[in-house]
Amino acid sequence: MTASQCKAQSPLRNPAHFPSFFDLPNDMTINYNYHFLGATCQYQPIRHWCFIGEITDDQFARDSFSRNLIRVADVGNRDGVPVFFYRETGELDFDELQVGSTFCLRYAQSHFFLDSQFGIRCEHFYNVSIIPARLSTLMEISDFNPAVGSKKCWSCDSEAHELLTCARCKVARYCGKACQSADWTSRHKMWCRALPKYMDLVGINYNKWEGKCIPFQA
């Protein structure tokens, strides 16, 4: 498979499922790319979606005197997008909001704040996942697409009846110790911690709306 073919099948490069900040619906208007008028005359989502952005500023992420705030760079390379936290439901460990990690929010919407900032208002913390990896690393994983290639050795690409599974991430698979060691040196050392949450991020059918949201946290 060519590099362009890999990117075409790369889950995180699908803008309908993982939109940039400017492509998000706004919480004060109806966007028919995201919602439809249901039988009960209420607007419902057409599909699932998730905003992802690398945390570039965590100075006020753990601020106990005002609004918790991070700034992120999105998939469209727009930096400085503000994300403010107003807890209504769910729990969130704010210590995980570190520069270099990736912030994920399902069903994100853009919001105009009273102080004239344009960003994201995060209220339902069960829709949040913090992945301990840079966005570029997640894009590399997405282009590799482990959900598709899990039946082959991650290093030599050969098929085997029995494959070894990485004891840490429980995702990567190898035909032997030599391949596992080679892949650890070349890339898996950077991918390992991120893979479980990455698989959770892409592990739902984003096209199929069944009448309810699918949170990261149960």
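Colleague: How many helices and strands does the chain have?
Modeller: The secondary structure comes to 5 helices and 11 strands. Those are DSSP runs numbered from the N terminus, where a helix is H or I with at least four residues and a strand is E with at least two. Keep in mind that this is a predicted model: local features need pLDDT of at least 70, side-chain atom pairs count only at pLDDT 80 or more, and totals for chains, interfaces and linings use all residues. Residues are numbered from 1 along each chain as its sequence is written, and side-chain values use heavy atoms, with hydrogens and water left out.

Colleague: OK, and what's the radius of gyration of the chain?
Modeller: The radius of gyration is 19 Å, close to the 17 Å that the globule rule gives for 218 residues, so the chain is as compact as a globular protein of that length. The radius is taken over C-alpha atoms, and the rule is 2.2 Å times the number of residues to the power 0.38. Along its principal axes the C-alpha trace spans about 55 × 45 × 30 Å.

Colleague: What share of the residues count as buried?
Modeller: Of the 218 residues, 43% do. Buried means under 20% relative accessible area, exposed is over 50%, and partly exposed lies in between, using a 1.4 Å probe and protein chains only.

Colleague: Switching to pockets: what volume does the largest one have?
Modeller: About 470 Å³. A pocket here is an open set of points on a 1 Å grid over the protein atoms alone, where a 1.4 Å probe fits, with protein on both sides within 12 Å along at least five of seven lines; lining residues have an atom within 4 Å of a point. The volume is the space filled by probe spheres set on the points, which are joined across faces, edges and corners.

Colleague: Which lining residues are closest to its centre?
Modeller: Out of 19 lining residues, those are Trp49, Tyr107, Ala108, Gln109 and His124. As for elements, β2 (43-45), β6 (102-106) and β8 (118-124) each give two or more residues to the lining, and β8 gives the most, with 4 residues.

Colleague: You mention β8. Is Gly119, in that strand, buried or exposed?
Modeller: Gly119 is buried, with a relative accessible area of 0%. Leaving out residues up to four places away in sequence, Gly119 touches Phe21, Pro82, Gln109, Ser110, His111 and Phe113. Touching means a contact, with heavy atoms within 4.5 Å.

Colleague: And what does Gly53 touch?
Modeller: With residues up to four places away in sequence not counted, Gly53 touches Val72, Ala73, Asp74, Ser101, Thr102 and Phe103. Gly53 sits in strand β3 (residues 50-60) and is buried at 0% relative accessible area.

Colleague: Now helix α5: which of its residues are buried?
Modeller: In α5 (residues 195-202) they are Leu195, Tyr198, Leu201 and Val202. They cover an arc of only 115° around the axis, which puts them on the same side of α5. The arc is that of the directions from the helix axis to the C-beta atoms.

Colleague: Last thing, the backbone: what's phi for Asn145?
Modeller: Near 55°, a positive value in a residue other than glycine. Most residues other than glycine have a negative phi. Asn145 lies in the loop between α2 (135-144) and α3 (146-149) and counts as buried at 8% relative accessibility. Asp157, also not a glycine, has a positive phi of about 70°, and Asp157 is in the loop between α3 and β10 (164-165).
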